[in-house]
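Visitor: I like to see the reasoning behind each label. Could you walk me through this one step by step?

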Amino acid sequence: MTRPIELWYWPTPNGWKVSIALEEMGLAYEMKPVNIGVGDQFKPEFQAISPNGRMPAIIDPEGPDGRPLSIFESGAILQYLGNKSGRFYPTEIRARADVDQWLFWQVGGLGPMAGQTHHFRQYAPALIKDQRQIAYGVRRYTDETHRLYGVMDRRLSDCDYLAGDYSIADMAAWPWMLPEHQGQSLDEFPNLKAWMQRVGSRPAVIAGRALGDHLRGNLAASGKSAEEARKVLFGQRGRP
């Protein structure tokens, strides 16, 4: 009997990438919640799996050599799952290169830039009283996210998915498209809007996006618990 993959997870865009992929690929998995608002990501047992102290991470109890294998970083996880399942990650070199370039575009561009947009638009106002101090950050990252939306819209003008066929590249990018939190309007990007609906209507995407949704809190809210969570998330350094 195949043992389920352990998914160390919290319901955020990076977590959704992997839960969507597991659902799409039909791989058995078990969720291991990592509550990032209380610091679970810094516990030794999790950092043994994810040295960067960030989720998601997985443990495949039946790795390629029959021994457990742990992987951190969402892009690496998606590549591994695509190889393991033989789905949504082509083996032909040109097709795989196309998937890889859009996957890394998301990992190195869309995710970090949209993440900074979220920070300055949603969380920074609760951390800094003088809003003039964050105005440049809001403008800088909102504009860069707008640029990245444009990149996707142009790419999707002549294909249904980022790498031609539906792939792990789409699973990586779709969760990060949150225009209502990023100061964007999809009406400006009709090809992107259609892709959002096309991907978002897939049953596995719906199921993966919903995983653990009841656990999610509002980090931008007022109150002591949200304030403590922001300290945990945004107050980390390499050394005290």
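Visitor: Happy to start in the middle: are tryptophan 102 and tryptophan 105 buried or exposed?

Guide: Tryptophan 102 is buried, and tryptophan 105 is buried as well. Please keep in mind that this is a predicted model.

Visitor: What makes the pair of tryptophan 102 and tryptophan 105 edge-to-face?

Guide: Two values decide. A pair of aromatic rings is described by the distance of the centres and the angle of the planes. The centres of tryptophan 102 and tryptophan 105 are 5.3 Å apart, and a pair needs centres within 6.5 Å. Their planes stand at 65 degrees, and over 60 counts as edge-to-face, so that is what the pair is called.

Visitor: How do you know that tryptophan 102 and tryptophan 105 are separated by about one helical turn?

Guide: Both belong to helix α4 (residues 93–127), where they are three residues apart, which means about one helical turn. An α-helix has 3.6 residues a turn, so residues three or four places apart point the same way.

Visitor: How many aromatic pairs does a search of the whole structure find?

Guide: The search finds six aromatic pairs. Among them is tryptophan 8 with phenylalanine 46: the ring centres are 6.0 Å apart and the planes are at 35 degrees. Stacked needs under 30 degrees and edge-to-face over 60, so this pair is tilted.

Visitor: Which parts of the chain does that pair link?

Guide: Distant ones: tryptophan 8 is in strand β1 (residues 5–9) and phenylalanine 46 in helix α2 (residues 44–47), 38 residues apart.

Visitor: Why is tryptophan 8 called buried?

Guide: The cut-off is under 20% relative accessible area. Tryptophan 8 has 16%, so it is buried. Phenylalanine 46, with 2%, is buried too.

Visitor: And why is lysine 129 called exposed?

Guide: Exposed means over 50%, and lysine 129 has a relative accessible area of 86%, so the label applies. Lysine 129 is found in the loop between α4 and α5 (135–155).

Visitor: What makes you say that arginine 209 lies over the face of tryptophan 16?

Guide: Arginine 209 is at 3.7 Å from the ring centre of tryptophan 16, and the distance limit is 6 Å. The charged end of arginine 198 likewise sits over a ring, that of tyrosine 161, 5.6 Å from its centre. Tyr161 also forms one aromatic cluster with Phe88 and Tyr166.

Visitor: How do you know that the span of helix α3 (residues 74–85) agrees with what is expected?

Guide: At 1.5 Å a residue, its 12 residues should span 16 Å, and the end C-alpha atoms are 16 Å apart, so the two agree. Buried residues of α3 include Ile77, Leu78 and Tyr80. The helix's buried residues pack against β1, α1 (13–25), β3 (57–60), β4 (69–72), α4 and α6 (168–173). Glycine 86 follows α3, with a positive phi near 75 degrees.

Visitor: Stepping back, how many helices and strands does the protein have?

Guide: There are 10 helices and four strands.

Visitor: Why is the protein called as compact as a globular protein of that length?

Guide: The globule rule gives 18 Å for 240 residues, and the radius of gyration is 18 Å, so the description fits. Of the 240 residues, 47% are buried. Among contacts with a separation of 6 or more, 66% come from residues 24 or more positions apart.

Methods: Residues numbered from 1 in each chain as written. Predicted model: local features only at pLDDT ≥ 70, side-chain atom pairs only at ≥ 80, totals over all residues. Heavy atoms only, no water. Helix = DSSP H or I, 4+ residues; strand = E, 2+ residues; numbered from the N terminus. Buried < 20%, exposed > 50% of the residue type's maximum accessible area, 1.4 Å probe, protein only. Lys NZ or Arg CZ within 6 Å of the ring centre and 35° of its normal. Rg over C-alpha atoms; globule rule 2.2 N^0.38 Å. Contact = heavy atoms within 4.5 Å. Expected span 1.5 Å × (residues − 1).
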